[in-house]
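I opened my notebook next to the model today and wrote things down as I looked them up. These are my entries, in the order I made them.

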Amino acid sequence: MAKRFERKKKREIKIPSTLPLLPLREMVVFPHMIIPLFVGREKSLKSLDEAMLHGRLILLVAQRAGNIERPTPGDIFDIGTVAEILQLLKLPDGTTKILVEGISRAKVVRYLLQEKFFQVRIERAEEAILKTVEMEGLMRSVTSQFEDYVRLNRKVPPETLMSVINVEEPGRLADTIAAHLTLKTKDKQVILEALDPRERLERLAQILNRENEILGIEKRIRERVKKQMTTTQKEYYLSEQLKAIQKEMGRKGEVVSEVEELKGKIKKARMTKEAQEKALKEVDRLFQMPSMSAEAAVIRNYVDWLISLPWAVETKDKLDIKEAERILEEDHYDLKKPKERLLEYLAVRKLVEKMKGPILCFVGPPGSGKTSLARSIARALGRNFVRMSLGGVRDEAEIRGHRRTYIGALPGRIMQAMKKAKSKNPVFLLDEIDKIGKDFRGDPAAALLEVLDPEENKAFSDHYLEVDFDLSKVLFITTANIRDFIHPTLLDRMEILDFPGYTQEEKLKIAEKFLVPKQLKAHGITEKNLTFSPASILRIINRYTMEAGVRNLEREIEAICRKVAKEVARKGKGFRLRVGRKAIERYLGPPRYRPEEALEKKEIGVATGLIIGPAGGELATIEATVMSGKGEREGLILTGRLREVMQESARAALSYIRSRAESLGIASDFYKNVDLHIHVPKGAIPKDGPSAGITMAVALASALTKRRVKNNVAMTGEITLRGRVLEIGGVKEKILAAHRANIPTIIIPKENEKDLVEIPSNIKRRIKFVMVENMDEVLKVALEEKRVQ
């Protein structure tokens, strides 16, 4: 027999068919709930104002996603709860606090208003409260599950059970329990949308069963962790007792023995006072820790690093200047300036016992002997040698290490290299310093400032070690290909030694004296098996390599040695070969490069410049042409991948030509009716720098005046708006490029006359150098007098 129960109400509330709607984020309100809400969104505040004006009733509906700031009808569920606003309080920060009581479920039939606030037509969901024997059993089952939930979940107060046990209506029981569960909005909405009390209880039973299972697993995990912690504490207590027993019995346990061993190593390492105190302090901490703890492993690793560094280990320098000179000459050809600098260092070191190590920077193209000379310097001094590549380094921590708070932290690469060097005064090569990167992890170049400053590196502090280490006795040598790419502050701390490119004659001698014997030995053959004629080596230099150094030259000689080694292995050690000029193609294939040559004939608008490229000095044929037009891009078109500085040089050249139009015999308003185009061939290669300024000015002047440019003249120099020719860099490399192309006349700035000291005398005899101070002198030498009609 079913019984009908009616809810006792203090007063009858009539619910209208239209109500303002308040969307809720991450919350579902059930009937019979009294709950405070904080309202801050503009639409929601207007919905409250509307509700307060018309019966204090409002429809509370959850959003489908809580992160939506301005929900549309599609973002809001269809079923919510009609609630009465019991209290309303406006807060100073602009939000409003309300206390609401849920009355009944309602379904949104249609949205009437959306712009200012949500006004909806609703359909109230009435439910008959029937109680059968089956319903009674379902209610008891759900109540029992909720009791288990309260027992397992510490967040729900036990007093909640009393309010649930006294509820007799099935639907209200489900709502009351669901309101106290820690569920996702989606799960609570499922219960709210179950209009039939039986269905609602069944869904709630499923959810409670799942939640109780999860809570049971969490409880077992907590108990297991607690048990493990208890075991660890017990082990620590027992280990302390064991130490005390061993002390009383006069025995040394394993831990005591390890600690004594570490203390002995610390004393033997002869650290600084600061480092020794730090190491002993860490050893004492290690003694007090369980040997299996993670912190003990971190401390042991830190102490091992301190012990392994060469705090007081120092190699004795060889101060025999003649012997050092012999070793340097034996390993390298030419390179007079770097060799002279090392011998000067040895001489001062011989006279002054205590001396700070110099910071040298070798700057030159690839393959010019920078890295190998650093090794030779270490051999000449009798010091250990370590090398560290800086190419692509972007993280400051690679230089100064990570702090010990990080898992897997290590010292920086500077201290790792010092450990590898096994002495405190090695020759330390920092390779490719011009290729250091920079990103959000810091600037490695800034971290190197302390390393490469003789006044500061005597107390270099690594983030991992946190103690000062003396780097003042290290001979730091850095290498770079392009000086302009080195950090300016670093550049200021280093002594620059230029490694210019080699001439053909120098490359020939290097190949005969060093490269060929080295490769013969490396491939297990002798001079009886293979010899090179000078003509064959020159053929390789001119037609198979395009470089300022000798790296590719050595690679080509190596290729020939491999092929000859194969023949020796096949035919026996009696096999002999003399490689002549004509035999090169048989071993290396067709020529890969065309030698740089002067222009075949004099042309209008084509001038030969001298620039610095990836392989050192190069010839650059700069072309200029005049076209009828309307002054596109300010009358100047630039092509050939010219970067900012070179583009500015071109504009400065054009401005100079315009300012001297009358004296050059050009109409003063020529630029209004023509477009000028400057092109530098080899368009795939980026080009930059100011030294092509006078060449572009000559090409423009030639194109506008119809005067041919002499094809036996090359030039380099920066131009100003007033026509002054300024000093440039890389003079030796550019002159070598002109010499390779057999150009007899070179125009260079007057201020670069001092650089001719470095040019070999045999090249000076073959080339006429024209020193200029302004563009008028350049045009007089470079252009023919006669105009072409």
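**Entry: E10 and its partner.** I started with strand E10 and looked for what it pairs with. E10 is joined to strand E11 (residues 427-431) by 5 bridges, and the two run parallel. I picked out one facing pair: Ser 389 sits opposite Asp 431 in E11. I'm reminding myself that this is a predicted model, so I write "the model shows" in my notes.

Next I checked what packs there. Helix H14 (residues 413-421) packs on the sheet and touches both E10 and E11. The direction of H14 makes about 155° with that of E10.

**Entry: the whole sheet.** How many strands form this open sheet, and in what order? I traced 5 strands, in the order E10-E11-E14-E9-E15, with parallel pairing. Strand E10 (385-389) and strand E15 (495-498) are at the edges; each has a single partner strand, so one side of each has no neighbour in the sheet. I also looked up the twist: on average, neighbouring strands of this sheet are turned by 20° against each other, direction ignored.

**Entry: some antiparallel pairs.** I moved along the chain to strand E18 (residues 606-613). It is joined to strand E19 (residues 616-628) by 8 bridges, and these two run antiparallel. Here Ile 612 faces Gly 617 in E19. E19 is also joined to strand E21 (residues 674-679), by 6 bridges, again antiparallel. The pair I noted there is Glu 623 opposite His 679 in E21.

**Entry: two helices crossing.** At what angle do helix H24 and helix H27 pack? I found about 60° between H24 (residues 693-705) and H27 (residues 775-782), with their axes 10 Å apart. Angles from 65 to 115 degrees would count as roughly perpendicular and those under 35 as roughly parallel. H24 and H27 are therefore oblique to each other. Their crossing is right-handed.

Then I listed who touches whom. H24 brings Ile 694, Ala 697, Val 698 and Ala 701, while H27 brings Met 775, Val 778, Leu 779 and Ala 782. Sorted by class, this contact has 8 nonpolar residues, no polar ones and no charged ones.

**Entry: zooming out.** Last, I looked at the chain as a whole. I counted 27 helices and 28 strands. Why call the chain more spread out than a compact globule? Its radius of gyration is 44 Å, well over the 28 Å that the globule rule gives for 789 residues, so the chain is more spread out than that. I also noted the box that the C-alpha atoms fill: roughly 125 × 100 × 60 Å along the principal axes.

Definitions and conventions
Residues numbered from 1 in each chain as written. Predicted model: local features only at pLDDT ≥ 70, side-chain atom pairs only at ≥ 80, totals over all residues. Heavy atoms only, no water. Pairing = 2+ DSSP bridges. Helix = DSSP H or I, 4+ residues; strand = E, 2+ residues; numbered from the N terminus. Axes fitted to C-alpha atoms, helices over the stretch in contact; angles between N-to-C directions. Contact = heavy atoms within 4.5 Å. Parallel < 35°, antiparallel > 145°, perpendicular 65-115°, else oblique. Left-handed = near helix turned anticlockwise from the far one by under 90°. Nonpolar A, V, L, I, M, F, W, Y, C, P; charged D, E, K, R; others polar. Rg over C-alpha atoms; globule rule 2.2 N^0.38 Å.
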